[in-house]
Amino acid sequence: MIAQADIGLLDGFERALINNRLHLVYQPKVSLADGTLKRVEALVRWDDPALGSVPPSRFVPLAERHGMIDPLTHWGLRTALRQWRDWHAQGIDLCLAFNISALSLDQLDFPDLVERMCRALDVPTDRLVLELTEGSTQPLIKLMDTLTRFRIKGIGLAIDDFGTGYSTLMQLRQLPFTELKIDRFFVTDMIASADSRLIVRMMIDLAHGLGMTATAEGVETEEQLRLLRDFGCDVAQGYLISRPLAPDTLAEWLRDWNQRWPPLIEPLRPLVPAPG
């Protein structure tokens, strides 16, 4: 049964999806080694005339509960892949990250569907990374075959918000992830907290030890960026680098970022020492 408070929201969301009133914005992720743009994360946005700006934290769970997550995922993937093709034609070389629900993995043909989308739009599969939240990894261990098929097709898999869910190190070792994303809580807290600095450094070392890329979310200050770089973190995203962008503003942002990067890390002065 649909909760009374959800009826209007669900109806509005279904109409927005059918009438193409959703849109994507893209948050850049940059290499901490040299500042180059590595990939962008596609994020769904819904601005409703009556409801205003509805956050994904409201409409995504609703879509999951009421059988609309697959249409949302298919629309988002097609839209993001078409945008990648437009950027590629402009000479912008990057990878694309897209969030998927664990519920989509119940479909045995989902990896084939994603591969067909990539092929139809001339997007190499190795330019796509699918992100799943850490909280999803409990049931995901039962879907090893589906996840492995993504990896066989060259599609990357990222575990999002690591450090806040319930995954075990055994599950992390078994699941075929290529990227570990450090939750923004630890990134924000690490400047003031020796415990958080230790945790962040251990997460980075853990990712590297398992052959993964380490990505830090929520980077908002120069001090955080420099500390992450000193710890050997591979990739960063956050408001210091860029807020989510409309697709037609990425080229302008990239020109500006290439000028902003050198002052952020030169000179690379000593940072807060890691504990131990």
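**Exercise 1.** In this predicted model, find which residues of helix 9 meet which residues of helix 10.

*Solution.* Start with helix 9, residues 194-209. Its residues in the contact are Arg-197, Val-200, Arg-201 and Ile-204. Now turn to helix 10, residues 222-231. Here Leu-227, Leu-228 and Phe-231 take part. Last, sort the residues by class: five are nonpolar, none is polar and two are charged.

**Exercise 2.** Describe how helix 9 and helix 10 are placed: parallel, antiparallel, perpendicular or oblique?

*Solution.* Two quantities describe a pair of packed helices: the angle between the axes and the distance between them. For helix 9 and helix 10 the angle is about 45 degrees. Their axes lie 10 Å apart. An angle under 35 degrees would count as roughly parallel, and roughly perpendicular starts at 65. The pair is therefore oblique. Add the handedness: helix 9 passes helix 10 in a right-handed crossing.

**Exercise 3.** Decide whether Gln-83 is buried or exposed, and name the residues that Gln-83 touches.

*Solution.* First locate Gln-83: helix 3, residues 69-89. Its relative accessible area is 14%. Buried means under 20%, so Gln-83 is buried. Leave out residues up to four places away in sequence; Gln-83 then touches Tyr-26 and Pro-247.

**Exercise 4.** Sum up the whole protein: how many helices and strands are there, and what share of residues is buried?

*Solution.* Count the elements: eleven helices and nine strands. Next, burial: 49% of the 276 residues count as buried. Then the surface: the accessible area is about 13000 Å², with 52% belonging to carbon and sulfur atoms. Finally, take contacts with a separation of 6 or more: 69% join residues 24 or more positions apart.

Key: Residues numbered from 1 in each chain as written. Predicted model: local features only at pLDDT ≥ 70, side-chain atom pairs only at ≥ 80, totals over all residues. Heavy atoms only, no water. Helix = DSSP H or I, 4+ residues; strand = E, 2+ residues; numbered from the N terminus. Buried < 20%, exposed > 50% of the residue type's maximum accessible area, 1.4 Å probe, protein only. Contact = heavy atoms within 4.5 Å. Areas by Shrake-Rupley, 256 points an atom, 1.4 Å probe, with all protein chains shown as cover. Axes fitted to C-alpha atoms, helices over the stretch in contact; angles between N-to-C directions. Parallel < 35°, antiparallel > 145°, perpendicular 65-115°, else oblique. Left-handed = near helix turned anticlockwise from the far one by under 90°. Nonpolar A, V, L, I, M, F, W, Y, C, P; charged D, E, K, R; others polar.
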